[in-house]
Amino acid sequence: MSTTTCQVVGFLLSLLGLAGCIAATGMDMWSTQDLYDNPVTSVFQYEGLWRSCVRQSSGFTECRPYFTILGLPAMLQAVRALMIVGIVLGAISLLVSIFALKCIRIGSMEDSAKANMTLTSGIMFIISGLCAIVGVSVFANMLVTNFWMSTANMYTGMGGMVQTVQTRYTFGSALFVGWVAGGLTLIGGVMMCIACRGLAPEETNYKAVSYHASGHNVAYKPGGFKASTAFGPNSKNKKIYDGGARTEDEVQSHPSKYDYV
């Protein structure tokens, strides 16, 4: 799969997942009334993150918002916070990923900048998807716990006879929408991170090689010395370089022992 295709597919999946997270957060059917062994069927109750509703058999539905914050269960408030954080992160990463698309050119933006933006948006999409999945899972765990506690309280007394009728709640459609939306956002973020590797420019390493120029009859050493590869009568033309401390005439007037080779 090419880099552009992977990036675009990841972007579309993340966009669809973010839309699903927003829809799941606003839905009212996070928990629905369990109608199994319920003698009262004329009223159907369901609850969401923001309000509770009652639907009658005649089709009339009445919803009542939660007018309190501190009076709500701590788990419900945690789920609210997780869903809101996931939506905010998803919206920011969606904005960043639009400018990071390889098929969109904005000024003289380099590929390295697009690669960094793609990686950033992918990581934020992954965090957004995890927030949605964790939030929905926490709410589902709360429902399971309350369901079995209500079931245990219903069957009390001698002979296992039912003495009280309590309203039990089960999974609503919003939970399944949230799970799917969080998974799509997570997969889209992973694909964006994979596409980042194709957008990053390849680095070319050049090994430095030093070249030393050598004269025909002169070799150089630090500190000043004479070296030569010539022998015979031309040896008197040999020069000594000692960093400019002495002139050539001074060197010839004060021969060293190395001149008699």
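A disulfide is a pair of cysteine sulfur atoms within 2.5 Å. In chemical terms, it is a covalent bond between the sulfur atoms of two cysteines. This structure is a predicted model, and it holds 1 disulfide.

**The disulfide**

The bond joins Cys53 to Cys63, with an S to S distance of 2.1 Å. That value is within the 2.5 Å cut-off, so the pair counts as a disulfide. Cys53 lies in strand E3, residues 51–56. Cys63 lies in strand E4, residues 61–65. The pair therefore ties together parts that are 10 residues apart in sequence. The torsion about the S-S bond is about 110°, so the disulfide is right-handed.

The two cysteines are also linked through the strand pairing: Cys63 in E4 is the bridge partner of Cys53. E3 and E4 pair in the antiparallel sense over 5 bridges.

**The sheet around it**

In which order do the 5 strands of the open sheet stand? The order is E4-E3-E2-E1-E5, and the pairing is antiparallel. E4 and strand E5 (169–171) stand at the edges. Each has a single partner strand, so one side of each is left without a neighbour in the sheet. From one strand to the next, the twist averages 25°. Cys63 thus belongs to an edge strand, because it lies in E4 and E4 stands at an edge of the sheet.

**Buried or partly exposed**

Buried means under 20% relative accessible area. Four cysteines can be set against that cut-off.

| Cysteine | Relative accessible area | Class |
|---|---|---|
| Cys53 | 1% | buried |
| Cys63 | 28% | partly exposed |
| Cys6 | 8% | buried |
| Cys196 | 11% | buried |

Within the disulfide, then, Cys53 is buried, whereas Cys63 is partly exposed.

**Cysteines without a bond**

Cys6 is in no disulfide. Its nearest cysteine sulfur, that of Cys193, is 9.7 Å away. Cys196 is in no disulfide either. For Cys196, the nearest cysteine sulfur is that of Cys193, 7.3 Å away. Why do these distances rule out a bond? A disulfide needs the sulfur atoms within 2.5 Å, so neither 9.7 Å nor 7.3 Å qualifies.

**Helix H1**

Cys6 is one of the buried residues of H1. Cys21 is on that list too, as are Gly10, Phe11, Leu18 and Ala24, among others. Helix H1 covers residues 3–26, with 24 residues. At 1.5 Å a residue, the helix should span 34 Å. Its end C-alpha atoms are 35 Å apart, which agrees.

Technical notes:
Residues numbered from 1 in each chain as written. Predicted model: local features only at pLDDT ≥ 70, side-chain atom pairs only at ≥ 80, totals over all residues. Heavy atoms only, no water. Helix = DSSP H or I, 4+ residues; strand = E, 2+ residues; numbered from the N terminus. Buried < 20%, exposed > 50% of the residue type's maximum accessible area, 1.4 Å probe, protein only. Expected span 1.5 Å × (residues − 1). Pairing = 2+ DSSP bridges. Axes fitted to C-alpha atoms, helices over the stretch in contact; angles between N-to-C directions.
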